[in-house]
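Open the structure in your viewer and keep the selection tool at hand. The stops below go from one selection to the next.

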Amino acid sequence: MGISQNEATMEGWLHTIRSNRFGLQFSRKRYFILHNTVLRSFKTIPGSEKEQPVRSAVIDSCIRVTDDGTESINKKVFFIFTIYSTSDINIQLKLGASSSEEAAAWIHCLKDSALKASPCQANNFPSSKNTCPFLRSQSMRTKNQKNSLHWPFRSSVHAEAMTSDVTAPSSWKIFGCQNGLRLFKEAKVWDSHGGHWDDHPAIMAVSMVDGTSEAIFLALMSLGPSRSEWDFCVYSSSVVECLDGHTDIIHKKLYSDWFPWGMKRRDLLLQRYWRREDDGTYVILYHSVVHKKCPPQSGYVRAHLKRGGYVITPVNQGQQSIVKHMLAIDWKFWKFYLQPSAARSLTISMLKRVAALKELFKGKQGNYSSKCLSREWLRHIHLPQTNDLIENEVEKPASAYVSLMDLNEEPDEFFDVPETSEFTDGDQLENEPSSELCPSGSNHPEITPAAGFVRKLHDLATQKKGYVDLQEVAEEDTLLYCYGNSLQKDPTCTLPCSWSAGDSSWFVIRGKNYLQDNEKITANGTLMQMVGADWLISDKREDDLGSRQGGIVQKHAAKAGSEFFFIVNFQIPGKSRYTLAMYYMMESPLEDHPLLYKFVNGDDAFRNSRFKVIPCISKGSWIARKTVRKRASLLGQSIETHYFRGKNYMEVDVDIGSSAMARGAANFLLGYLSTLVLEMAFIIQGNTPEELPETLIGTCRFNHVDPSKALLTLS
């Protein structure tokens, strides 16, 4: 390999995912090298410095990378990520990695390159019919490269440690230790009416396992024969339906030999969601659903998993992992049959599988094959195939992808279209139509990977997904309002479906000397005051709320006041489109705050690289807390974000539906929304000594927001 370790950012084998004119996807194996802001592709590992790439692309600040989870391409399953340009929605490149770790490393490096790139470098290149701005062919020579290394997979960029940017108390209390597992119980959760929401408190087991987080993750996700080596509770498992690359519906039948005498057999029908954090932590979340393809079965009582999951965190340079397993189960006993203590004993017995998993990895002495586990997991899943994707293209946002048919009818700007003579035997097999398609009965046009998420739960129960979360809420009549006051204010944070300003001391931000010591400090106050909030429902995406006549922003504009507004508008698409908007106001001149002034009057590339949110669930169940990351995130780098500048306001519209990861998280969160207290803080990131310490733009706190109480938008 002709690249030095100091100069290269990333290199390794990936698969390009393309579609032929019949709409069937196929893959091509290519060797990629990411060097500075140039991504190059080779058919083989370059043998010398002078070898020319097949194609190359310039990564500029308009480039975004999305994690699309897993996808089946002609009997092979890849961990998919897509590179696209915000400057041109027709520009995208779909790539597949053989493991989640490789995909995560590439995603991190590509994002890092985009952040370091000059604003929209690609715009400096001439465009033509056969040349698109960010995916362009170019002749490149590797200059001044020494210390040649064979470097099949390595990254010179390391993710920052995963530290929470929220100071919140723990909701867990230890109550015992068994088989090397520390056992914790969760504090009680109260609903929006002051009642106890859950009569089945969650219990968590925690232990250290001698294995990498990836290997443990694959062992937990596998539904094949290897599961019988450690899971003594589950008799059989199967995938009922795959919703997208991060979410599926699974059915589990439990052994009855560990149940009390006379207790009937139990099974579980679960929605499963997973994600990988930047530090290598894996999160797997479950809760019970109902599904038309898997009704209750004869001889089984269907237990109800209210919430559950795993968190696998790597420690000791990744050689070991801390595994947390949480369960809250309603075993569906008759009241007189077993006491609550006996039901808790059953839950603890199920948690003891972590001890079995620990012994399994200890016996393998680090030789547990992640590759074999990956094949076994992927062999048992049936992901959406190309046929489904083509049929449902009209449901996808334009920013998520271009038409696969159009992509193959036009000249490919990144890769040479392979001729028949170029195919190896393996390539020929890859180009054959796949026989491993989803069952003919599966029809879920609203749940493809780029489709919107968060719809009314009664819709989920009927003709769309075929399943419904068991925490369903009923619809209620909508009311009229004006923009900025559709959600009531409650400073005491006791009324359901209300908002208040959050406590800034809960959040930590970059301090004065952050560039030298990486130390963060507790926030002290906010730059602007929260003056209103909207919780709306509509049949279309609601953009630019600040310009709506009759709203609080335009009312102040009509009075020619000096007030300046900052609006954050979270757009949650689906069949029913939700809007959660926060309105902040300040009376001092915008020029008195240089960084905010620069943000308001800057370009979108600058805004995308600076606008951050810190989310936190201060009250709620464990599964809801794990759905939300308690750390600062640059929204514009992972989610499509639009900016609107008005005379007296700046609005940031965040299209959550553009992120597959956010969609899966929201599917879990929606069922618990009315039991949560959700807090957020917004910041413009400081990158220079003059911009530090950071200051919060504003905070917010939403108390038990009920989806059924969202108000209909005014026409």
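Start by selecting Tyr584 and Phe682: both are buried (under 20% relative accessible area, with exposed over 50% and partly exposed in between, for a 1.4 Å probe and protein chains only). The model is predicted, so local features need pLDDT of at least 70 and side-chain atom pairs 80 or more, while totals for chains, interfaces and linings use all residues. Residues are numbered from 1 along each chain as its sequence is written, and side-chain values use heavy atoms, leaving out hydrogens and water.

Next, add Phe566, Phe570, Phe599, Phe611 and Tyr643 to the selection; together with Tyr584 and Phe682 they form one aromatic cluster.

Now search more widely: the whole structure holds 17 aromatic pairs. Rings of Phe, Tyr and Trp (its six-membered ring) pair if their centres lie within 6.5 Å; planes under 30 degrees apart count as stacked, over 60 as edge-to-face and the rest as tilted. Select Trp535 and Tyr578: the ring centres are 5.1 Å apart and the planes are at 10°, so this pair is stacked. Trp535 is in strand 24 (residues 529-538) and Tyr578 in strand 26 (residues 577-586), so the pair ties together parts 43 residues apart in sequence. Strands here are DSSP runs (E, at least two residues), numbered from the N terminus. Trp535 is buried at 3% relative accessible area, and Tyr578 is buried at 1%.

Finally, select Lys29 and Trp13: the charged end of Lys29 sits over the Trp13 ring, 5.1 Å from its centre (NZ of Lys or CZ of Arg within 6 Å of the ring centre and within 35 degrees of the ring normal).

How values were computed. Helices (H or I, at least four residues) and strands (E, at least two) are DSSP runs, numbered from the N terminus.
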